[in-house]
Amino acid sequence: PEAITIQELANRMAERAVDIIKFLMKQGEMHTINDVIDADTAQLVAEEMGHKVKRVSESDVVEGLSGDTDAPEQLKARPPVVTIMGHVDHGKTSLLDALRKTNVVSGEAGGITQHIGAYQVETPNGIVTFIDTPGHEAFTSMRARGAKATDIVVLVVAADDGVMPQTVEAINHARAADVPIIVAINKIDKPAANPVRVRNELLKYEIVVESMGGDTLEVEVSALKGTNLDKLLDVILLQSEVLDLKANPDREAGGMVVEAQLDKGRGPVATVLVQRGTLKLGDIFVAGSAWGRVRALVNDKGVQVKEASPSTPVEVLGLNSAPEAGDQFDVVPNEARAREVTEYRERKRRETRGAASARSSLEQMMSAI
Ligand code: GDP
Ligand code: MG
């Protein structure tokens, strides 16, 4: 249920907290300034103190931000968004780096590598977007916040090491998120490589690869030597076709924050993955409890662009603060709306914190008895 601290209520009414406490005392309720009171009590207090109360619910404020109202004919094919997961040292980073270098179709020879937390590879058969955030934590925290970050997981297993604890963890994450797995058996250049063993070990976790009669796609690769990377990309695009991934590019943009930081020269910078609509220069948007007007968009090659379509990762400049990885972002019609949404979220965050600290002090009190 809705709740608010006495301090926050006082702030919003521009009254003194002590007057609220006095009022409540007259009702026979003893409170201190950091206590949390429920919305009904807060409304009573406010009205008794001569204020008009307008209660807003989450849905009132954020309604329509990510509404799935696209008609089927508005949907167009979009590139798959891929996350590479696997045990430490099995070659995730090497594979991401090697795949990035295969990006020759775009003509950027030499590969200006701009690290923005995600990048796209163009192949003759289509585009693939890779999320390049380190490790499982990012993936898990994004998922915990309700963000669907990924269409496909590439599970890297080193052929000389086999299935290890974080391999299993990755399998579980992918399953929980209901995301299909493609197995990349890496380091096949190594003399000790034993891909057959990897396939057998995977059986224990109910992953049956194609060569063993199952339907999990697999590729033997060497990130080090660059072996079969084109094949891996093709298999990803094949899986993507099966998934029939689509989005409506002709609407206000929305998606997810992949990473964000406060840049010394450029201010708050967020890398976002556009998941629907097209993000354009000048758009006003909210990301978590930050907002701003898009001042510049920079793609994964470090090139300034005017817009970004679904499945495209892009750096956004112009926010008033740095959002958090996993935050949702949405383009809104105007600044007033942006303020309304972000102020609401900020307030919510403070209230949750207030409630949590009230609870813990109550727990302390109880345990002291
Ligand atoms: P991560 O921890 O999963 O990101 O693994 P890294 O990409 O950092 O790789 C760990 C080690 O394995 C590094 O020393 C890499 O050079 C090496 N490595 C990665 N891929 C291959 C490969 O295909 N063949 C060989 N021989 N070594 C590899
Ligand atoms: Mg790594």
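Colleague: Which helix gives the most to the shell around ligand 1, and with how many residues?

Modeller: Helix α5 (residues 92-101) does, with 3 residues. Helices here are DSSP runs of H or I with at least four residues, strands are runs of E with at least two, and both are numbered from the N terminus. This is a predicted model, in which local features need pLDDT of at least 70 and side-chain atom pairs count only at pLDDT 80 or more, while totals for chains, interfaces and linings use all residues. Residues are numbered from 1 along each chain as its sequence is written, chains are lettered from A and ligands numbered from 1 in the order in which they are written, and side-chain values use heavy atoms, with hydrogens and water left out.

Colleague: What makes a residue count as near ligand 1, and which come nearest?

Modeller: One of its heavy atoms has to lie within 4 Å of the ligand. There are 15 residues around ligand 1, and Asp89, Lys92, Thr93, Ser94 and Asp189 come nearest. By class, the shell divides into 3 nonpolar, 7 polar and 5 charged residues. Ala, Val, Leu, Ile, Met, Phe, Trp, Tyr, Cys and Pro count as nonpolar, Asp, Glu, Lys and Arg as charged, and the others, Gly among them, as polar.

Colleague: What makes a pair of atoms a polar contact?

Modeller: Two N or O atoms within 3.5 Å; within protein, one must be able to donate a hydrogen and the other to accept it, and residues adjacent in sequence count only if both atoms are side-chain atoms. A polar side-chain atom of Asp189 is 2.7 Å from a nitrogen atom of ligand 1. The side chain of Ser222 has an N or O atom 3.2 Å from an oxygen atom of the ligand, and a polar backbone atom of Ala223 lies 2.9 Å from a ligand oxygen atom. With the limit at 3.5 Å, such pairs therefore qualify. The protein covers 73% of the 580 Å² of accessible area that ligand 1 has on its own; areas come from the Shrake-Rupley method with a 1.4 Å probe, and for residues only the protein chains shown count as cover.

Colleague: Is Phe130 buried or exposed, and why?

Modeller: Phe130 has 0% relative accessibility, so it is buried: buried means under 20% relative accessible area, exposed over 50%, and partly exposed in between, with a 1.4 Å probe and protein chains only. Phe130 lies in strand β6. Setting aside residues up to four places away in sequence, Phe130 touches Val82, Ile84, Leu96, Leu99, Ala118, Tyr119, Val121, Leu233 and Ile236, where contact means heavy atoms within 4.5 Å.

Colleague: What makes a set of residues a nonpolar core?

Modeller: Its members are buried Ala, Val, Leu, Ile, Met, Phe, Trp, Tyr and Cys residues joined through side-chain atoms within 4.5 Å. The largest such core has 25 residues, and those with the most contacts inside it are Leu95, Leu99, Phe130, Val154, Leu232 and Ile236. The elements giving it two or more residues are β4 (81-86), α5, β5 (118-123), β6 (126-131), β7 (152-158), β8 (181-186) and α9 (229-243). Helix α9 supplies the largest share, 6 residues. A second, separate core of 19 residues includes Ile171, Val183, Ile185 and Leu202.

Colleague: Why does Leu229 get the class it has?

Modeller: The relative accessible area of Leu229 is 4%, so Leu229 is buried. Leu229 is in helix α9. Beyond neighbours within four places in sequence, Leu229 is in contact with Leu95, Ala98, Leu99, Thr102, Val221 and Ser222. On the α5 side, the buried residues are Lys92, Leu95, Leu96, Ala98, Leu99 and Arg100, and their cover includes β4, β5, β6, β7, β8 and α9.

Colleague: Which class does Asp19 fall in, and why?

Modeller: Asp19 has 24% relative accessibility, so it counts as partly exposed. Asp19 is in helix α2 (residues 17-26).

Colleague: What is the phi of Asp89, and where is the residue found?

Modeller: The phi of Asp89 is near 70 degrees, a positive value in a residue other than glycine. Most residues other than glycine have a negative phi. Asp89 is in the loop between β4 and α5, and at 62% relative accessibility it counts as exposed. Asp178, in the loop between α7 (165-176) and β8, also has a positive phi, about 60 degrees, without being a glycine. Its relative accessible area is 64%, so Asp178 is exposed.
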